[in-house]
Amino acid sequence: GKQIDGVWHTGVVVYGKEYYFGSMGIESCAPSGTMLGAPLEIVDMGRTQVTQDLFEEYVQGLSASDFHGSKYHLLEHNCNNFSSEVTTFLTGSPIPEHITNLPSDVMNTPFGALSDH
């Protein structure tokens, strides 16, 4: 079978802050400042032409709709979905699929199949 080392947390660092999504909704902090500590890997997704004002307006809209805290689900609607949507808005490219596919990979393991019952 496929080895899965974890389902990783992701956030997006832009304009001097790290933005991330969890059960409390969209939050921000200093880069690498979440309670999870420093990241194991940083993927440079490129540069953006989106202004800070437009980005902040976009995040406020997401916070009131698709990424309200009540919509968080560890396997189906999580920080990785948020990071992918935000990087697509900022750069035109989502985060790598091996990250967004992790929850379904977990559910396809014998352990994941057991937790579905």
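**Close-up 1. Strand S2 sits mostly out of sight in this predicted model.** Five of its six residues are buried, so S2 is largely enclosed by the rest of the structure. On one flank, three bridges join S2 to S1, and the two strands run antiparallel. On the other flank, S2 and S3 pair over five bridges, again in the antiparallel sense.

**Close-up 2. Three strands line up as an open sheet in the order S1-S2-S3.** The pairing is antiparallel. Which strands stand at the edges? Those are S1 (12–14) and S3 (25–29); each has a single partner strand, so one side of each is left without a neighbour in the sheet. On average, and ignoring direction, neighbouring strands here are turned by 30° against each other. Helix H2 lies across S1, S2 and S3, at about 35° to S1.

**Close-up 3. Here are the two hairpins of the sheet, each with two residues between its strands.** In the hairpin of S1 and S2, tyrosine 15 takes a positive phi near 50°. For a handy register mark between these strands, look at valine 13, which stands opposite glutamate 18 in S2. The other hairpin joins S2 to S3. There, glycine 22 faces a second glycine, glycine 25 in S3.

**Close-up 4. Tyrosine 19 and phenylalanine 55 meet edge-to-face.** How many aromatic pairs does a search of the whole structure find? The count is seven, and this is one of them: the ring centres are 5.0 Å apart, with 80° between the planes. Tyrosine 19 belongs to strand S2 (residues 17–22) and phenylalanine 55 to helix H1 (residues 52–64), so the pair ties together parts that are 36 residues apart in sequence. Both residues are buried.

**Close-up 5. Phenylalanine 67 and phenylalanine 82 make another edge-to-face pair.** This time the centres are 5.4 Å apart and the planes differ by 70°. Phenylalanine 67 comes from the loop between H1 and helix H2 (79–91), while phenylalanine 82 lies in H2, so the contact ties together parts that are 15 residues apart in sequence. Are these rings buried or exposed? Phenylalanine 67 is buried, with 1% relative accessible area, and phenylalanine 82 is buried as well, at 0%. Zoom out a little and ring pairs link Phe21, Phe67, Tyr72 and Phe82 into a cluster.

**Close-up 6. Helices H1 and H2 pack with their axes 12 Å apart.** The angle between them is about 145°, and H1 passes H2 in a right-handed crossing. On the H1 side, the contact is made by Leu54, Phe55, Tyr58 and Leu62. H2 answers with Phe82, Glu85, Val86, Phe89 and Leu90.

**Close-up 7. The largest nonpolar core has 14 residues.** Which of them touch the most other members? The list is Ile26, Phe55, Leu62, Phe82, Val86 and Leu90. S1, S2, H1 and H2 each supply at least two residues of this core, and H1 gives the most, with four.

**Close-up 8. Phenylalanine 55 gets a view of its own, with its contacts from elsewhere in the sequence.** Leaving out residues up to four places away in sequence, phenylalanine 55 touches Val14, Tyr15, Tyr19, Val50, Val86, Phe89 and Leu90. Tyr19 is its edge-to-face partner, while Val86, Phe89 and Leu90 take part in the H2 side of the helix contact.

Note on methods: Residues are numbered from 1 along each chain as its sequence is written. This is a predicted model: local features need pLDDT of at least 70, side-chain atom pairs count only at pLDDT 80 or more; totals for chains, interfaces and linings use all residues. Side-chain values use heavy atoms; hydrogens and water are left out. Rings of Phe, Tyr and Trp (its six-membered ring) pair if their centres lie within 6.5 Å; planes under 30 degrees apart count as stacked, over 60 as edge-to-face and the rest as tilted. Buried means under 20% relative accessible area, exposed over 50%, partly exposed in between (1.4 Å probe, protein chains only). Two strands pair if DSSP finds at least two bridges between them. Axes are lines fitted to C-alpha atoms, for helices over the stretch in contact, and angles run from 0 to 180 degrees between N-to-C directions. Contact means heavy atoms within 4.5 Å. A nonpolar core is a set of buried Ala, Val, Leu, Ile, Met, Phe, Trp, Tyr and Cys residues joined through side-chain atoms within 4.5 Å. A crossing is left-handed if the near helix is turned anticlockwise from the far one by less than a right angle, and right-handed if clockwise.
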